[in-house]
Amino acid sequence: MSQITVLNPVGINRVAAQPVAPRLASLEGVTLGILNNGKPNSLALQERVAELLARQHRLGGVVTKQKPSAAVGAEKLDLYAREVGAVITAIGD
Amino acid sequence: MELEKKGIPTVTICTDAFVGLAREEAKNLGMPDLALAIIAHPIGGESLGAIHQRAEDALAQVARALTDAGGPAGARGAPTSAPAPRQLAFADDDEVTEAFHARRWTDGLPFVLPTEARVRAMVAGSGRAPSEVVAVLPPRWAGATVENIAINAVMAGCLPPHMPLLIAAVQAAADPAFGLYSVQATTHPCAVLMLVSGPIVKVLGLNVAHGALGPGFRANAAAGRAMRLVLMNVGGGIPGEGDQATHGSPAKFSYCIAENEAATPWEPFRVTRGFAEGDSTVTVFSGEGPHNINDHVCTSAYTTLAVVADTMTTIGHNNAGSVIRGDVLLVLGPEHAHTIAAGGLGKRDVQRVLFEQARNKVGKLKLRAMYKAENWPDWVDQTDDEALCPIVGRPEDIHIVVTGGPGKHSAFIPTFGTSKSVTRRIEAAGPR
C-alpha cells in the first residue's frame, strides 16, 4: 500500500524521430566532404581515412570544411551540401 | 545531422569514450540512426602512427556507413523518449530517497521530497502556469516546464520566491549565445554560475558579505543547487552520460553569487550590462571554480591590477587558448575594489588595463593543447613567439563584480571559453 506520492523531476524530450538520408550505391565518383572540428589530430585522422578510401574507390575529390570551433556549429552548410556527396565528421577528444 | 537532413549521407568518427554521448545526442535531436564509426579513445596527444592505425580501424566502418552495403536503415519512427509518469508512489519517505538516488535524479545529497503540495506552492511562486515551457535544455533537449523547475527547486530546498530568479536563470542558460549543449557535455569542469544583481538580492536574502562564494546561506545554496538539478534532471547533464566532464567541479553542486552593491565603488553590474538601475538581473557564466587572488601589500590601483592580471594569465584555462569566443569574470573583494577606485579608475578603465596586461606570449601558448584550433584575434601574429595574446577578444569581455566581506582577496573565474555570459531581467511574479 503506497503511502507517499511525489512528482517526477525528469524532463521529457518530445523531438520526433526522422530518417537519415538515403545511402549511396557506391563511393565511385563521389566528392567526399571532411567536416573538421579543430580538435588535436582530428584533421590528420579524417584526411587519412579519406586517403585510404581514395585508394579503394575513385573518389570525385575531397573538400575539407573547418568548423569555427568544436563547440560551434559549421556555417554555410547549404553551400557545402551542394559541393559534396558524402561527409565524414568526428566527435571526441 | 544538419547534413543528413539536407540529404547528404554522413558518418561521424567517434572515440569509444564518447559513444554514449553521441548516441544519446543523435536520439535526442531526432535522428537515432545517425551512423558512427567507432575507434579507440583518445586521438589528442597520440603519435601520427597511432592516428593512422585509428584511420585503418575506421575505414571499413566509414565505407559501410555511407553506402547501401551497410548504412543505417530508416528511422524507427518511435518517439525518442517514452513519456514518464508525472506522479510516482512509494511506501515511505526512505523509499523515495533511495529510489531517487538509484535513478540518478539527485546530486548525491539529501533532498526535500517533491510532494504535490510543495510543488504547487513552488509553482505559485512563479506566477505562471505549471505547463508553460520556459526553455529547451540540452543535451536531452527537453522542454523545461515551470513545474519541472519547481520540482527540482523543491528538492534543492528553495522557497517559492526563488522561482522568478530560477526561471530567468534557466532562460539565460538556454540562450544560444551561452552554448549550453557544449557547457553541459564538455570534458571541461565548467559549471553554470548565476550572478544576481539588483533589489532582489535583499528580497531573497542572498549573501554578499563573508563567504559570498561559499556555504552557509540558504538563498544562495538552494538557488544554485536548483539550477544544477534542473541541468541534470531536465537537461540530462548526468555525469558520464550527458555530462562528459573529466573531473567535474565542486562548483557544480551549487554556484549562485550576488553583487554587494553597497560595497561597489562603481555602477552596479546590471547597469554595465545595459539594464536599468531598478531592474533585478541574473547573469549566467560557464564558470570554473574561483581562483583566489591574494594581495595584502599593494596600495595602488596599478600594482593591485598587476597581481590580478598575473593570476588571469595562467595558460591551462580555456580562455588562454579560446580567446574571442569567451569571456571571464573577475570577482573583486570590496577592499581591492576600493584600492583600485581610489586610484581614479572606473570599471571600464579596469577592463582596459587588464585587457592590456593579462596577456600570454604566443611561444608559451604553443605549449598548451589546441592553440591552433581555437580563436585568437586577427591582430595577434601567430608566427611571432614573442607576440602577446589577450585572454578575451575585447576589454568588455572581462566582467567585473564586487562582492564579499572584509579582507584582501579577490577571485578570478575563467570560463568554458566557447560561451558568452547572458544576462536576463528577473520578472516579478504576477498574481494568479
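**A walk from a helix pair to a shared sheet**

In this predicted model, a good place to start is chain B, where helix H6 passes helix H7 in a right-handed crossing. H6(B) covers residues 146-156 and H7(B) covers residues 163-173. Their axes come within 11 Å and cross at roughly 120°. Because of that angle, H6(B) counts as oblique to H7(B). From H6(B), the residues Ile149(B), Ala150(B) and Ala153(B) take part in the meeting; from H7(B), their partners are Met163(B), Leu166(B), Ile167(B) and Val170(B). By class, this contact has seven nonpolar residues, with no polar and no charged ones.

Now step back to look at chain B as a whole. Its domain 1 spans 2-66, domain 2 is made of 93-288 + 422-432, and domain 3 spans 291-414. The C-alpha centres of domain 1 and domain 3 of chain B lie 38 Å apart.

Next, let us see how the two chains meet. On the chain B side, 94 residues are in contact with 52 residues of chain A. Helix H3 of chain B, residues 48-66, gives the most to this side, with ten residues. Sorted by class, the side of chain B that touches chain A has 50 nonpolar, 29 polar and 15 charged residues.

The two chains also share a sheet. This open sheet has five strands with parallel pairing, in the order S3(A)-S2(A)-S4(A)-S1(B)-S2(B). At its edges are S3 (61-66) of chain A and S2 (36-39) of chain B, each of which pairs on one side only. From one strand to the next, the twist averages 20°.

Where does strand S4 of chain A join strand S1 of chain B? Five bridges link S4(A), residues 86-91, to S1(B), residues 10-15, and the two run parallel. Here Ile91(A) stands opposite Cys14(B). Within chain A, six bridges join S2(A), residues 31-36, to S3(A), again in parallel, and Leu35(A) stands opposite Lys65(A) in S3(A).

Helices pack on this sheet as well. Helix H1 of chain A, residues 42-56, touches S2, S3 and S4 of chain A together with S1 of chain B. The direction of H1(A) makes about 170° with that of S2(A). H3(B), the helix met earlier at the contact between the chains, lies across S4 of chain A and S1 and S2 of chain B. H3(B) runs at about 165° to S2(B).

Note on methods. Residues are numbered from 1 along each chain as its sequence is written. Chains are lettered from A and ligands numbered from 1 in the order in which they are written. This is a predicted model: local features need pLDDT of at least 70, side-chain atom pairs count only at pLDDT 80 or more; totals for chains, interfaces and linings use all residues. Domain bounds come from an automatic or database domain assignment. Two residues are in contact if their C-beta atoms, placed from the backbone, lie within 7 Å. Helices (H or I, at least four residues) and strands (E, at least two) are DSSP runs, numbered from the N terminus. Ala, Val, Leu, Ile, Met, Phe, Trp, Tyr, Cys and Pro count as nonpolar, Asp, Glu, Lys and Arg as charged, and the others, Gly among them, as polar. Two strands pair if DSSP finds at least two bridges between them. Axes are lines fitted to C-alpha atoms, for helices over the stretch in contact, and angles run from 0 to 180 degrees between N-to-C directions. Angles under 35 degrees count as roughly parallel, over 145 as roughly antiparallel, 65 to 115 as roughly perpendicular and the rest as oblique. A crossing is left-handed if the near helix is turned anticlockwise from the far one by less than a right angle, and right-handed if clockwise.
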